[in-house]
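The exercises below ask you to read a fold from the coordinates, moving from the pockets to the strands and then to single residues. Each task is followed by a solution worked in steps.

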Amino acid sequence: VNPGIKEMCDGQDNDCDGVVDQGCDDDLDGYCDSNMTVVGTPQPGPGEYKGPPVTMDTRSHGGGFSPKYKEYWYPEWAGTTIYRYDMKYVFLGTFNSGRSEIMQLWGDTDGTYYTANWGHNSVSKWNDKGNVELWRYGMGSTTGAVTCDEQYVYAMWYYGMNVVVLNKNTGAFVKNMQLLGGVDTTQYGGMAAVGKSLYVGRYDG
């Protein structure tokens, strides 16, 4: 334990600033943050939730996260209601999306959000916590997933390995990308853009 050294998740005040495990759980999700070095069995620990018991009806397939509000948003499948939960999974209320059959919802940093509209065969961008549709792109078939990064929106049908890349501001088509590797199986709202990578989770493999 020395002044000036890097803090670790180990139950000690490594850098002698009076704070134990500083930065270990900045997002308050009950887990040690991924960029921290973990030693021993600190509280909270990696891979083990330390918060209160959670009972939460996710209501649809592909709930999403709003980075602006730091909230989890879960769409009602048969209706247009979005259910909001905070970082500790406490219910905060609802808002109306104006769209049913949302297979996946993805929040953006400015409060807008995107939806993969299953039976409507489209992807939409919506205003900040609201139901004003800013643009809609017709996918031509059943839409299973949507995500975005700083530049683009990415969308997929519920089948196949093709990713449709769209302009975030206008919804205009940019290009198609084919995913390599993996298995072509059913896509039920399991796509995420993280850094420079796309992660795809499949229903049956």
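A pocket is an open set of grid points, on a 1 Å grid over the protein atoms alone, with protein on both sides within 12 Å along at least five of seven lines, and its lining residues have an atom within 4 Å of a point. Its volume is the space filled by probe spheres set on the points. The model is a predicted one, and every value below is computed from it.

**Exercise 1. The two pockets**

Task: State how much space lies in the second largest pocket, which residues line that pocket, and how its lining divides by class; then do likewise for the largest pocket.

Solution. Step one is the volume: the second largest pocket holds about 150 Å³ of space. Step two is the lining, which consists of D149, E150, Q151, Y154, M177, A193, G195, K196, S197 and L198. Step three sorts this lining into four nonpolar, three polar and three charged residues.

Turning to the largest pocket, the space in it comes to about 240 Å³, and its lining is made of P67, W106, G107, D108, T109, C148, D149, E150, K168, A193, V194 and G195. Two or more of these lining residues come from β5 (102–107) and likewise from β13 (191–194). By class, the lining of the largest pocket has five nonpolar, three polar and four charged residues. A comparison of the two lists shows that D149, E150, A193 and G195 appear in the lining of the largest pocket and also in that of the second largest pocket.

**Exercise 2. The elements and the sheets**

Task: Describe the secondary structure of the protein chain, then give the strand order of the open sheet that contains β1 and of the one that contains β9.

Solution. Begin with the inventory: the protein chain has zero helices and 14 strands. As background, strands of a sheet pair through backbone hydrogen bonds, either parallel or antiparallel.

Next take the open sheet of four strands ordered β1-β2-β3-β4, in which the pairing is antiparallel. Because β1 (64–66) and β4 each have a single partner strand, they stand at the edges, and one side of each is left without a neighbour in the sheet. From one strand to the next, the twist of this sheet averages 30 degrees. Within the sheet, β2 (residues 71–75) and β3 (residues 81–85) are paired in the antiparallel sense over four bridges, and Y72 stands opposite Y85 in β3.

Then take the open sheet in the order β9-β10-β11-β12, which is formed by four strands with antiparallel pairing. Its edge strands are β9 (143–148) and β12 (173–178), each pairing on one side only, and the twist here averages 25 degrees from one strand to the next. Five bridges link β11 (residues 162–167) with β12 in the antiparallel sense, and L166 is found opposite F173 in β12.

**Exercise 3. A hairpin**

Task: Which strands form a hairpin with six residues between them, and which residue in the turn has a positive phi?

Solution. The strands are β7 and β8, and the residue in the turn is K129, whose positive phi is about 50 degrees. The pairing can then be checked: β7 (residues 122–126) and β8 (residues 133–138) run antiparallel and are joined by five bridges, with W126 opposite E133 in β8.

**Exercise 4. Residues in loops**

Task: Is S97 buried or exposed, and which residues does S97 touch beyond four places in sequence?

Solution. First locate S97, which lies in the loop between β4 (91–96) and β5. Its relative accessible area is 0%, and since buried means under 20%, S97 counts as buried. Its contacts, leaving out residues up to four places away in sequence, are T80, I82, I102, Y113, W126, G130 and N131. For one of these partners, Y113, the separation from S97 is 16 residues in sequence and 9.8 Å in space, C-alpha to C-alpha.

The loop between β4 and β5 also holds E101, where phi is near 55 degrees, a positive value in a residue other than glycine. At 28% relative accessibility, E101 is partly exposed. Another such residue is N121, with phi near 55 degrees, in the loop between β6 (113–117) and β7; its relative accessibility of 29% makes N121 partly exposed.

Definitions and conventions
Residues are numbered from 1 along each chain as its sequence is written. This is a predicted model: local features need pLDDT of at least 70, side-chain atom pairs count only at pLDDT 80 or more; totals for chains, interfaces and linings use all residues. Side-chain values use heavy atoms; hydrogens and water are left out. On a 1 Å grid over the protein atoms alone, a cavity is a set of points where a 1.4 Å probe fits but cannot get out, and a pocket is an open set with protein on both sides within 12 Å along at least five of seven lines; lining residues have an atom within 4 Å of a point. Ala, Val, Leu, Ile, Met, Phe, Trp, Tyr, Cys and Pro count as nonpolar, Asp, Glu, Lys and Arg as charged, and the others, Gly among them, as polar. Two strands pair if DSSP finds at least two bridges between them. Axes are lines fitted to C-alpha atoms, for helices over the stretch in contact, and angles run from 0 to 180 degrees between N-to-C directions. Buried means under 20% relative accessible area, exposed over 50%, partly exposed in between (1.4 Å probe, protein chains only). Contact means heavy atoms within 4.5 Å.
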